[in-house]
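The exercises below are to be worked with the sequence and the structure open. Each one sets a task and then solves it step by step.

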Amino acid sequence: MSKKNIFLAGLVIALVGALLAACGQKSSNPASSPSPSSSPSPSASQSEAPKSEGPKYTWRLAETHPVEHPTTKADKKFAELVHEYSGGRITIDVFPSAALGEEKAVIEQVQLGSIEFTRVSTSPMGEFNPDFGVFSLPYIFDSDDHMWAFLRGDYGNKLLQSLENSRLVGLAYYTAGARNFYARKPLNSINDLKGMKIRVQQNKLNIEIMEALGASATPMAYGEVYSALQTGVIDGAENNFPSYHTSRHYEVAPYMILDAHQRVPEVLLISKSVWDKLSDEDKDIIRRAAQESIDYQIEEWAKAEKESEEAVRAAGATIVPVDDLKPWQEAVKPVIEQYRSQYNDVLNTIDAARP
C-alpha cells in the first residue's frame with residue numbers, strides 16, 4: 001500500500017473514532033437517559049397482545065324455549081357474564097326455540113362435544129343419569145322455597161357433580177316453577193284426567209305417573225305439542241305458566257287445573273370433553289357466571305309467571321285451583337313407593353329440607 005493510501009485509511013479511522021466518542025457522550029447525558037423510576041415504552045406487539053391474554057372461544061348454547069322465555073333470558077345473562085369476565089375472549093351464542101334440536105337430542109350432542117352448552121329440564125336427564133329421575137317424582141316439593149333449600153344444599157351439589165359420569169358438567173340449577181295439567185276440555189278434578197291422552201316429557205317415570213292418575217301418557221317432543229293439541233292427537237299436556245303462555249298452548253287447550261304435581265328444576269350444562277380442555281381460570285369464569293345467573297333467572301321467572309297467568313286468563317283460559325291435594329297424592333303414592341329404595345337417601349334429604 002502507498003504512503004498516500006495509508007494516510008487516507010488512518011484519517012478515516014480517526015474520524016470514525018471521533019464520531020463514536022461523540023455518540024457515546026450524548027447517550028450518557030442524564031437529560032436524555034430514562035430516570036430510574038421510568039418504564040420503557042412497550043413495543044407495538046406487546047401492547048396489541050398482552051402476555052396474559054388467553055385463548056379465544058366461540059361456543060353455542062342450545063335452548064328449547066323461545067326468545068322471550070325467562071330461562072332463555074337467563075341463558076343470555078350467563079353468556080354476557082362469561083363474555084365480560086373473560087375480557088371478551090369467550091363468546092357464547094344462545095340458540096332458542098329448539099333451533100339446534102329438542103332437549104334429548106341436544107343432550108346427546110353435548111355429550112359428544114359437538115354442541116358446547118345446553119339448558120335442559122332435569123326430566124329427560126333421568127335417561128342419561130338415573131340419579132336425576134328423582135326430580136320427576138310427584139309432590140316431593142311443597143314450594144319453590146322448599147326446592148331451593150334442597151338444590152342449594154350439599155345433596156343438590158352432589159347431584160350436579162354426578163353428571164360428570166355422563167360426560168356432562170352441571171353448572172347451575174334454574175327454577176321451572178310448578179307443573180299443572182291443561183286440556184282441550186274442562187278439568188275440574190282428578191277424575192277428569194281418566195282416559196285422557198296427556199303429553200309427557202320423555203322418561204319412564206312420567207309415563208307411570210300418568211297411568212297412576214288414570215290418564216294415557218303420550219311422550220312427545222315439546223315442539224310438537226301445539227299441533228298435537230290442535231288436531232286432537234292428544235287431549236292435554238302439563239307444564240308451568242310461562243311455558244303454557246309462550247308456547248301459546250292456551251289457544252288450543254284453554255282449561256288448566258292447578259295441581260302442582262311436579263316442580264322439576266332445570267340445569268345448565270357444558271360438555272365434559274370441552275370442559276376438560278379448559279384452563280382453571282376459564283373454568284372459574286364459567287362457574288362464576290353460571291352461579292351469578294341463578295338469582296337473575298329466579299327474578300325473571302317470578303315476573304314471567306305472574307305476567308303469564310294474567311295473560312292466559314285475559315285470553316279466556318279457565319284456571320281451576322285444587323283445594324285438596326290428598327286424592328292426587330294418594331293416587332301416585334304407589335309410584336313413589338316403587339322408587340323409594342332407589343331414591344331413599346335423596347327423598348329423606350328432600351323431606352328434611354322443608355323450611
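A pocket is an open set of grid points with protein on both sides within 12 Å along at least five of seven lines, and its lining residues have an atom within 4 Å of a point. Helices here are DSSP runs of at least four residues, numbered from the N terminus. The model is predicted.

**Exercise 1. Describe the lining of the largest pocket, and state which helix gives the largest share of it.**

Step 1. Start with the volume: the largest pocket holds about 270 Å³ of space.

Step 2. List the lining. It consists of 14 residues, and those nearest the centre of the pocket are Pro138, Tyr139, Lys333, Ile336 and Arg340.

Step 3. Assign the lining to elements. Helix H13 (326-338) and helix H14 (340-352) each contribute at least two residues. The largest share comes from H13, with 6 residues.

**Exercise 2. Find the cavities of 30 Å³ or more in the whole structure, and describe the lining of the largest cavity.**

Step 1. Recall the principle. Rolling a probe the size of a water molecule over the atoms shows where empty space is left.

Step 2. Count. The search of the whole structure returns 1 cavity of 30 Å³ or more. The volume of the largest cavity is about 230 Å³.

Step 3. Look at the lining. Of its 20 residues, Glu103, Ser121, Arg199, Gln201 and Tyr222 are the closest to the centre. Helix H4 (103-112) and strand E3 each provide at least two lining residues.

**Exercise 3. Work out the strand order of the open sheet that contains E3, and name its edge strands.**

Step 1. Write down the order. The open sheet has 5 strands, arranged E2-E1-E3-E10-E4, with mixed pairing.

Step 2. Find the edges. Strand E2 (90-95) and strand E4 (168-174) each pair on one side only, and they are the edge strands. From one strand to the next, the twist averages 25 degrees.

Step 3. Check both sides of E3. Strand E1 (residues 57-63) runs parallel to strand E3 (residues 117-121), and 3 bridges join them. Within this pairing, Ala62 has Thr118 as its bridge partner, and Glu63 has Arg119. E3 also pairs with E10, in the antiparallel sense and over 5 bridges. There, the bridge partner of Phe117 is Ile270.

Step 4. Add the helix. Helix H12 (residues 280-314) lies across E1, E2, E3, E4 and strand E10 (266-271), at about 25 degrees to E4.

**Exercise 4. Sort the residues of E3 by the way they point, and decide whether they are buried or exposed.**

Step 1. Recall the pattern. In a regular strand the side chains alternate between the two faces of the sheet.

Step 2. Apply it. Phe117, Arg119 and Ser121 point one way from E3, whereas Thr118 and Val120 point the other way.

Step 3. Read the burial. E3 is mostly covered, with 5 of its 5 residues buried. In the protein as a whole, buried residues make up 46% of the 355 residues.

**Exercise 5. Classify Ser166 and Asn240 as buried or exposed, and describe the surroundings of each.**

Step 1. Take the cut-off: a residue is buried under 20% relative accessible area.

Step 2. Place Ser166. This residue lies in the loop between helix H7 (154-162) and E4. Its relative accessibility is 7%, so Ser166 counts as buried.

Step 3. List what Ser166 meets. Its side chain reaches the backbone oxygen of Phe128 at 3.0 Å. Apart from neighbours within four places in sequence, Ser166 is in contact with Gln111, Phe128 and Asn129.

Step 4. Place Asn240. The loop between strand E8 (236-239) and helix H10 (241-246) holds this residue. Its relative accessibility is 2%, so Asn240 also counts as buried.

Step 5. List what Asn240 meets. Its side chain makes a polar contact of 3.3 Å with the side chain of Asn239, and it reaches the backbone nitrogen of Ser243 at 2.9 Å. Setting aside neighbours within four places in sequence, the contacts of Asn240 are Ala176, Ala178, Arg179 and Trp301.

Technical notes: Residues are numbered from 1 along each chain as its sequence is written. This is a predicted model: local features need pLDDT of at least 70, side-chain atom pairs count only at pLDDT 80 or more; totals for chains, interfaces and linings use all residues. Side-chain values use heavy atoms; hydrogens and water are left out. Two strands pair if DSSP finds at least two bridges between them. Axes are lines fitted to C-alpha atoms, for helices over the stretch in contact, and angles run from 0 to 180 degrees between N-to-C directions. Contact means heavy atoms within 4.5 Å. Buried means under 20% relative accessible area, exposed over 50%, partly exposed in between (1.4 Å probe, protein chains only). A polar contact is a pair of N or O atoms within 3.5 Å; within protein, one must be able to donate a hydrogen and the other to accept it, and residues adjacent in sequence count only if both atoms are side-chain atoms. On a 1 Å grid over the protein atoms alone, a cavity is a set of points where a 1.4 Å probe fits but cannot get out, and a pocket is an open set with protein on both sides within 12 Å along at least five of seven lines; lining residues have an atom within 4 Å of a point. Grid points are joined across faces, edges and corners, and a volume is the space filled by probe spheres set on the points.
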